[in-house]
Amino acid sequence: MQSLAVQKKTFITSFLVFIGIFTYAYYPTILDLWTRWNQFDESYSHGILVLGISAFYLLSQIKSAPTLAFKPAWLGILLLLGSSILWMLAYFASIEAIQQILLPWTLWLLCYSYLGWKTSKQFIFPIGFLYFAIPIWDVFIVPLQYITTDINGYLLAMVGVEAHIEDVFVTLAVGKFEIAGGCSGLRYLIISITLTSLYSYLNFKRIKSTVTLILIGILLALLANWIRVFIIILAGHFTHMEHSLINEHDHFGWFVFAFTLLPLFYIANKL
């Protein structure tokens with residue numbers, strides 16, 4: 001028991017030293033992420049919270065691990081070296097997406113290189129959880145814009161409101177609405193996937209339950225955004241673009257999204 005405690009203490013000390021070196025080496029990318037996370041009107045304003053959750057469960061896994069004996073994996077060391085070189089190339093080429101994608105991967109490779117596969121596989125989710133705060137989800141903005149626009153075109157037709165749909169614009173007799181990037185619903189989608197993934201990690205053992213909950217979460221997040229946009233357009237239609245929701249609808253959107261969490265976690269409890 002004493003030997004195991006020494007091993008864990010040694011690993012934690014080594015890991016913290018690596019975190020310091022890691023932060024110094026990848027400082028430009030980490031700073032870009034930190035700046036993005038502190039823009040509280042952005043889709044990634046939950047980034048600091050994700051970082052805290054990731055750190056908490058990573059340390060929990062380290063403490064609960066039966067053994068943390070040094071067991072080098074040469075494949076991990078090679079991958080760590082290759083990933084570091086790739087990050088440098090992406091840095092000098094100013095490709096931020098690749099730099100950011102490599103951060104959690106590089107962090108996990110340290111564990112893999114130091115402890116081997118059997119132990120490091122326990123750290124996949126805590127470290128991989130950081131990807132919910134990495135701006136790789138922006139690729140969905142444009143598709144979500146068009147989906148939201150088309151869905152609202154159908155909804156408006158169903159309630160008898162005449163609208164002309166072109167690109168991401170909804171034109172009514174009283175004015176024109178643009179389904180901008182912020183109205184795509186990406187922020188609700190990311191939050192929903194983050195919450196359902198964390199809930200599944202903590203409560204489910206079956207892959208089927210995890211996939212089911214995440215898919216339902218995605219559907220409800222998209223539905224919340226469609227309803228939000230639909231209500232805003234109707235408010236503009238009936239008040240001749242005078243309603244306060246036209247310009248101030250962020251808080252309203254979060255209220256609608258929060259309402260969809262009620263059935264989501266009811267279903268989660270049933271699963």
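Helices and strands are named here as DSSP runs, with helices spanning at least four residues and strands at least two, numbered from the N terminus. With that in hand, a walk through this predicted model can begin in helix α9, which covers residues 186–203 and contains Thr 194. Is Thr 194 buried or exposed? Its relative accessibility is 7%, and the cut-off for a buried residue is under 20%, so Thr 194 counts as buried. Leaving aside residues up to four places away in sequence, Thr 194 touches His 46, Val 50, Phe 129 and Phe 132.

The next stop is the sheet. Three strands make up an open sheet in the order β1-β2-β3, and their pairing is antiparallel. Which strands stand at the edges? They are β1 (164–166) and β3 (175–178); each has a single partner strand, so one side of each lacks a neighbour in the sheet. On average, neighbouring strands of this sheet are turned by 20° against each other, direction ignored.

The connections between the strands come next. A hairpin with two residues between its strands is formed by β1 and β2, and in its turn Asp 167 has a positive phi of about 60°. The antiparallel pairing of β1 and β2 runs over three bridges, and Ile 165 is found opposite Val 170 of β2. Another hairpin, again through two residues, joins β2 to β3. Here the antiparallel pairing between β2 (residues 169–172) and β3 extends over four bridges. Within β3, Phe 177 is the bridge partner of Val 170, while Lys 176 is the residue opposite Thr 171. Val 170 therefore appears in both pairings, facing Ile 165 on one hand and Phe 177 in β3 on the other.

How do the side chains along β2 point? They alternate: Val 170 and Leu 172 are buried and point to one face, whereas Phe 169 and Thr 171 point to the other face and are not buried. Helix α8, made of residues 141–158, lies across β1 and β2 and runs at about 25° to β2.

Attention now turns to the surface. Leu 81, Ile 85, Leu 86, Leu 89, Ile 95 and Ile 98 together make a nonpolar surface patch of about 520 Å². Which helix gives the largest share of this nonpolar patch? Helix α4 (residues 74–92) does, with four residues. One of the patch residues, Leu 86, is located in helix α4. Leu 86 has a relative accessible area of 40%, a value between the 20% and 50% cut-offs, so Leu 86 is partly exposed.

A last look goes to a loop. Thr 239 sits between α10 (207–238) and α11 (250–270), in the loop that separates them. With a relative accessibility of 28%, Thr 239 also falls between the two cut-offs and therefore counts as partly exposed. How far apart are the C-alpha atoms of Thr 239 and Val 174? The separation is 8.9 Å, although these residues are 65 residues apart along the chain.

How values were computed
Residues numbered from 1 in each chain as written. Predicted model: local features only at pLDDT ≥ 70, side-chain atom pairs only at ≥ 80, totals over all residues. Heavy atoms only, no water. Pairing = 2+ DSSP bridges. Axes fitted to C-alpha atoms, helices over the stretch in contact; angles between N-to-C directions. Contact = heavy atoms within 4.5 Å. Patch = residues over 30% accessible without salt bridge, like charges linked within 9 Å, V, L, I, M, F, W, Y side chains within 5 Å. Areas by Shrake-Rupley, 256 points an atom, 1.4 Å probe, with all protein chains shown as cover. Salt bridge = Lys/Arg side-chain N within 4 Å of Asp/Glu carboxyl O. Buried < 20%, exposed > 50% of the residue type's maximum accessible area, 1.4 Å probe, protein only.
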